[in-house]
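Good morning, and thank you for the time. Please have the sequence and the structure open while I speak.

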Amino acid sequence: MSLPQILSFAVIILMMAGFVWDRVRYDIVACLALLASVAVGIVPFDKAFSGFSDDIVIIVGSALVVSAGVARSGIINRAVQKFFPNLTGFTPQMALLLVTVAVMSAFIKNIGALAIMMPMAFQFSRRSGVPVSRYLMPMAFAALLGGLMTQIGTSPNIVVSRMRQEITGESFTMFDFTAVGGILTVTGILSLLLLHRLVPERVRQNPSLDEALELSTYSSDATVTEKSTALGKTLNTILKPGEGDIAATAIIREGRRMAPLPDVTVQKGDTILLEGTPTALAHVTEAAGLKLSGKPIQQTPAAGEEITAVEVVVTIDSRLAGLSARRLALFHSYGINLLAVSRQGKRLAERLSEVNLAPGDVLMVQGGTKTLPSTLQELGLLPLAQRQILLGSRRRAYVPLIILAAAMIASATGAVPVATAFFAAAVGMLLFRVLPLGDAYRAVDGPILVMLAALIPVSDTLRTTGGSELIAGWLGSIASGMPAYGALALILVSAMAVTPFLNNAATVLVMAPIAVSFASALSYRPEAFLMAVAIGAGCDFLTPIGHQCNTLVMGPGGYRFSDYPRLGLPLSLLIILVSVPALLQVWPVR
């Protein structure tokens with residue numbers, strides 16, 4: 001073993017130990033590994049930052065923006081409300097969530113697909129009375145499985161496509177992964193439906209600040225216009241998208257106050273007084289096309305100012321104390337719009353514009369991002385913790401789906417590279433104002449992108465120093481007497497063993513060169529072995545740290561570290577048993 005090979009192995013082993021130790025964040029660990037590689041001379045100075053221009057970084061970042069745009073549109077919520085309004089049984093609910101997440105994960109970032117559907121899991125949990133922990137972990141695993149079905153479904157598939165192009169001159173295409181990935185996804189979903197009882201019932205003990213704020217009940221009012229889809233519908237039907245978290249306190253028709261009976265049919269000009277959580281208010285007003293109280297604030301692109309909604313508290317010295325929004329003329333005098341009011345221990349019976357505000361009231365106000373801070377200070381309003389408020393925001397339901405479909409078609413037909421298609425889709429989300437610019441930057445997972453960019457040159461040292469050929473020789477000596485399925489299983493299990501400690505894309509960057517050299521040493525074609533690496537790297541079901549999807553559900557589900565192997569270990573064994581014969585059938589090694 002040469003000195004460069006020893007140094008390469010040492011840096012990568014120390015880096016993996018840093019990930020497992022988890023005292024320093026993973027992006028810092030990756031950057032330290034890059035600096036160490038440069039310092040010992042195994043990464044040239046001119047190649048140190050080559051990872052930042054790599055297509056993988058562009059694709060991952062763009063996919064996160066696209067996913068955020070689809071999530072913000074609310075189209076998924078509306079589709080479930082329209083087509084599955086009465087789905088109450090746990091098994092049908094679970095089947096719908098798993099299939100939907102898996103299919104979505106084939107075409108958008110799997111963590112994005114999971115994030116889009118998690119609110120549905122909470123709604124189903126409330127309907128069925130089953131703890132949400134029973135839903136979330138299987139959903140995370142289904143998202144990982146669904147990503148195996150297409151080239152863009154998950155980062156490992158993108159990496160192995162590039163590796164094959166470098167080796168054979170021909171990349172994997174969009175749907176080369178579908179045959180084996182589809183078999184694994186169907187098998188995995190059926191298994192999750194049978195094995196879901198292995199998931200423990202956990203109750204989250206420490207809800208986040210956003211969740212605590214979401215428990216607040218706001219009062220607002222909305223008017224039925226000639227363009228409202230609520231025209232001619234009963235009040236009960238209009239409130240259904242609120243999933244029981246919203247109630248009507250009165251209906252005002254032609255100046256008369258009416259009781260909010262469930263079977264009352266609303267008419268043009270009716271004003272409905274509503275009380276509920278911010279999310280429920282947003283879902284109901286948007287689904288019914290109701291006009292919120294106050295004058296809508298239009299986006300002004302020329303001014304470069306975005307419209308946002310924030311929650312504020314009326315202080316004892318506030319100019320608003322004792323006055324109503326109508327008397328203050330909030331919009332005309334200050335350029336802000338009052339969307340809702342929350343007053344602890346009291347139900348408000350007046351129109352929103354007529355409520356006399358009092359110290360301690362929590363208001364939801366809308367305004368421009370540039371002028372809002374100074375306006376709040378002038379009015380004596382104290383902002384609460386920042387969180388995403390969708391009430392009053394204009395959401396374009398179908399535009400993100402059209403943008404996403406265009407990107408999918410362009411990349412699937414080979415008209416443009418995957419990186420270009422997704423980058424264009426991300427820009428389209430901003431150009432058509434599907435996603436505010438601030439939300440887009442928050443959607444881009446900076447630490448993950450930095451980690452990927454830093455790991456690309458570090459992992460490449462295994463190839464440049466000849467370390468991958470050395471490992472392949474060791475594995476080859478182990479598998480020398482093995483049949484093809486044994487050699488393939490060895491690579492698959494090796495990738496699965498590494499991915500809990502590395503990001504899945506980083507696992508492929510380390511393991512793919514080894515797999516290719518391994519296949520070459522045994523005189524096998526590399527395709528099945530590259531696919532095995534992608535599957536192994538994409539199927540981390542054993543820990544909460546190996547993949548973002550597992551990490552994402554850990555807090556909301558109240559899971560412990562030891563909960564994951566309870567369901568993940570049997571699923572991993574099943575994936576190994578099914579993957580090997582499927583790979584040999586679809587991608588012969590001779």
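Let me begin with a convention on handedness. A crossing counts as right-handed if the near helix is turned clockwise from the far one by less than a right angle, and as left-handed if it is turned anticlockwise. I shall use that convention for each helix pair.

I should also say at once that this is a predicted model. The protein chain contains 26 helices and nine strands. Of its 590 residues, 55% are buried. The chain exposes about 25100 Å², and 62% of that area comes from carbon and sulfur atoms. As for contacts, if we take those between residues at least 6 apart in sequence, 80% join residues at least 24 apart.

I turn now to helix packing, starting with helix α9, residues 178-195, and helix α26, residues 563-586. These two helices pack at an angle of about 155°, and their axes are 10 Å apart. An angle over 145 degrees counts as roughly antiparallel, and α9 and α26 are therefore roughly antiparallel to each other. Their crossing is right-handed, in the sense I gave at the start. On the α9 side, the contact is made by A179, V180, I183, L184, T187, G188, S191, L192 and L195. On the α26 side, the contributing residues are L567, P570, L571, L574, I575, V578, S579, A582, L583 and V586. What is the make-up of this contact by residue class? The contact of α9 with α26 has 15 nonpolar residues, four polar ones and no charged ones.

Helix α9 has another partner to consider, namely helix α5, residues 90-105. Here again the packing angle is about 155° and the axes lie 10 Å apart. By the reasoning already given, α5 and α9 are therefore roughly antiparallel to each other. The crossing of α5 past α9 is right-handed. From α5, the residues involved are T91, M94, A95, L98, V99 and A102. From α9, they are T185, I189, L192 and L193. L192 thus deserves a second look on your screens: it is listed in the contact with α26 and also in the contact with α5. By class, the contact of α5 with α9 comprises eight nonpolar residues, two polar and no charged.

The next pair lies later in the sequence numbering: helix α22, residues 484-498, and helix α24, residues 527-538. Are these helices roughly parallel or roughly antiparallel? Their axes come within 7 Å and cross at roughly 30°. Angles under 35 degrees count as roughly parallel, and α22 and α24 are therefore roughly parallel to each other. The crossing of α22 past α24 is right-handed. In α22, the residues that meet the partner helix are A487, L488, I491, L492, A495 and M496. In α24, they meet A528, F529, A532, V533, I535, G536 and A537. This contact holds 12 nonpolar residues, one polar residue and no charged residue.

I would like to close with individual positions, moving away from the helix pairs.

The position to look at first is E254, which is found in the loop between β2, residues 246-253, and β3, residues 256-258. E254 is not a glycine, yet it has a positive phi of about 50°. Is E254 buried or exposed? Its relative accessibility is 77%, and the cut-off for exposed is over 50%, so E254 counts as exposed.

A287 lies in helix α12, residues 278-288. With a relative accessible area of 32%, A287 is partly exposed. Not counting residues up to four places away in sequence, A287 touches T229 and P241. T229 is 58 residues away along the chain, and its C-alpha atom is separated from that of A287 by 7.6 Å.

G380 sits in the loop between α15, residues 372-379, and β9, residues 381-383. Leaving aside neighbours within four places in sequence, G380 is in contact with V313, V314, T315 and S318. G380 and L320 are 60 residues apart in sequence, with 7.8 Å between their C-alpha atoms.

Finally, P436 lies in the loop between α17, residues 418-431, and α18, residues 437-443. Which residues does P436 contact, leaving aside its neighbours within four places in sequence? They are R72, E306 and L430. P436 and R72 are 364 residues apart along the chain, and their C-alpha atoms are separated by 9.9 Å.

Note on methods. Residues numbered from 1 in each chain as written. Predicted model: local features only at pLDDT ≥ 70, side-chain atom pairs only at ≥ 80, totals over all residues. Heavy atoms only, no water. Axes fitted to C-alpha atoms, helices over the stretch in contact; angles between N-to-C directions. Helix = DSSP H or I, 4+ residues; strand = E, 2+ residues; numbered from the N terminus. Parallel < 35°, antiparallel > 145°, perpendicular 65-115°, else oblique. Contact = heavy atoms within 4.5 Å. Nonpolar A, V, L, I, M, F, W, Y, C, P; charged D, E, K, R; others polar. Buried < 20%, exposed > 50% of the residue type's maximum accessible area, 1.4 Å probe, protein only. Areas by Shrake-Rupley, 256 points an atom, 1.4 Å probe, with all protein chains shown as cover.
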